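Here are some exercises to work through with the model on your screen. Try each task yourself before you read its solution.

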Amino acid sequence: MKSPAPIDPRGLADVLAPFGHSRMLPRSAYVSDEVLAWERANFFDAGWVCAGRVSDLEIGGDQKAMKVGDTGVLFTRDGGGTLHAFANICRHRGHELLACGASTNRGVIQCPYHAWSYELDGSLRLAPRFGDVPNFSPDHMGLVRVRHEIWGGWIFVNASGDAGPLADVIAGFDDVCAPYELDRLGSVARHEYVLAANWKLPQENYHECYHCPLIHPELCAVSEANSGDNYSHTSGAWVGGTMDLEPHAETMSLGGASGGVVFRALDAVQRRKIVYVGLFPNLLVSLHPDYVLTHRIEPLTPSSTLIECSWLFPPEAAATPGFDPSYAVDFWDLTNRQDWSAVESVQRGMTSPHYMPGLLSSQEDAVYQFVTMVARGYIGEPVTSAPLH
């Protein structure tokens with residue numbers, strides 16, 4: 001059994017109390033270097049983490065490097081179309097094969113230190129001046145593979161290699177997403193934000209609209225803040241719910257008009273709802289009648305987070321003459337920045353020694369589900385959803 005997180009268990013007992021009696025996570029969960037190190041090892045390296053869209057590596061020779069928890073991962077697409085994931089380290093002296101965050105397209109993987117090179121499938125191609133080295137076996141010097149799976153057009157990575165099946169994490173979530181046919185969507189816009197806030201705070205904020213009337217007037221003009229229902233389920237590692245569009249609104253945009261195409265498989269009820277779902281630990285998926293907004297989250301420090309937002313549309317929308325995704329992008333860029341201001345203020349508040357975990361209102365049941373998932377993980381229990389109790 002993994003060691004528990006370096007957090008006072010009494011504070012976690014308060015988090016795990018029945019809804020209506022529970023409190024938020026202890027202060028150290030948001031400000032401690034030790035807690036973040038534990039989270040990187042146990043939530044990110046040891047779990048299934050979203051590493052981006054498959055479309056980021058579309059053609060043979062595409063290469064992309066990124067950090068997953070504490071592990072550098074190099075993704076490649078070989079000439080036959082197969083996607084690979086490797087530890088981003090040369091087998092010679094451990095130099096990174098590609099700088100973290102960088103992308104390229106080359107027919108080989110080449111270490112910039114001593115020019116060791118590898119095929120796109122990870123096998124060793126050339127080790128200069130190693131022909132006379134005793135016991136050197138090229139067949140045993142290929143890149144170290146990293147476990148990965150593809151679902152919904154996303155790449156998921158389990159850096160440690162010992163997590164359970166990805167299917168257990170997304171159980172039930174795939175049913176919610178099925179009408180949106182996620183794997184056929186294309187990313188037509190992308191923004192990156194760096195928040196001065198812990199990685200959990202934007203997720204807690206995402207899971208409630210108690211704050212919406214005060215800071216989101218544009219959102220409340222097209223969607224009723226108190227509408228919809230949250231999902232209650234006992235499988236998978238995800239939390240979420242729905243909100244209803246106002247009668248005049250076609251989608252979430254400034255003014256409510258859509259500039260896209262309604263998803264072809266939605267029924268009449270689904271066309272009037274927005275679905276907000278968070279897949280633990282780092283992917284938020286917002287399903288609209290005509291587009292999908294995603295937030296992919298990477299913790300940087302206890303008090304800073306990188307968020308990559310992507311706007312996904314069906315191919316028939318992108319192929320429409322004069323198609324302009326700005327109706328969706330502008331709306332959510334404005335809404336995101338309103339949220340970022342709020343969560344950064346919360347982070348500053350949590351640096352105070354006077355901060356004490358607060359209670360939750362009846363409108364914050366999805367926040368309760370999220371923080372109890374975190375708390376169960378902290379004490380060594382499976383990070384899965386649980387019904388309110």
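A residue is called buried under 20% relative accessible area, exposed over 50% and partly exposed in between (1.4 Å probe, protein chains only). This is a predicted model, in which local features need pLDDT of at least 70 and side-chain atom pairs count only at pLDDT 80 or more, while totals for chains, interfaces and linings use all residues. Residues are numbered from 1 along each chain as its sequence is written, and side-chain values use heavy atoms, with hydrogens and water left out.

**Exercise 1. Cysteines**

Task: Find which cysteines a disulfide joins, and say whether Cys-50 is buried or exposed.

Solution:
- Start with the rule: a disulfide is a pair of cysteine sulfur atoms within 2.5 Å.
- The structure holds 1 disulfide, and the cysteines joined are Cys-209 and Cys-212, with an S to S distance of 1.8 Å.
- Next, look at the twist: the torsion about the S-S bond of Cys-209 and Cys-212 is about -105°, so this disulfide is left-handed.
- Now check burial: Cys-209 has a relative accessible area of 10% and is buried, and Cys-212, at 2%, counts as buried too.
- Cys-50 is in no disulfide, as the nearest cysteine sulfur, that of Cys-177, is 12 Å away.
- With a relative accessible area of 1%, Cys-50 is buried.

**Exercise 2. Asn-42 and its helix**

Task: Describe where Asn-42 sits and what Asn-42 touches.

Solution:
- Helices (H or I, at least four residues) and strands (E, at least two) are DSSP runs, numbered from the N terminus.
- Asn-42 belongs to helix H3, which covers residues 33–45.
- Its relative accessibility is 17%, so Asn-42 counts as buried.
- Contact means heavy atoms within 4.5 Å; not counting residues up to four places away in sequence, Asn-42 touches Lys-2 and Gly-47.
- A polar atom of the Asn-42 side chain also lies 2.8 Å from the backbone oxygen of Trp-38.

**Exercise 3. A sheet**

Task: Work out in what order the strands of the open sheet run, and which strands stand at the edges.

Solution:
- Two strands pair if DSSP finds at least two bridges between them.
- The open sheet has 3 strands in the order E6-E7-E8, with antiparallel pairing.
- Strands E6 (109–110) and E8 (124–126) stand at the edges; each has a single partner strand, so one side of each is left without a neighbour in the sheet.
- E6 pairs with E7 (residues 117–118) over 2 bridges, and Ile-109 has Tyr-118 in E7 as its bridge partner.

Terms used:
Polar contact = N/O pair within 3.5 Å; in protein donor to acceptor, adjacent residues only side chain to side chain.
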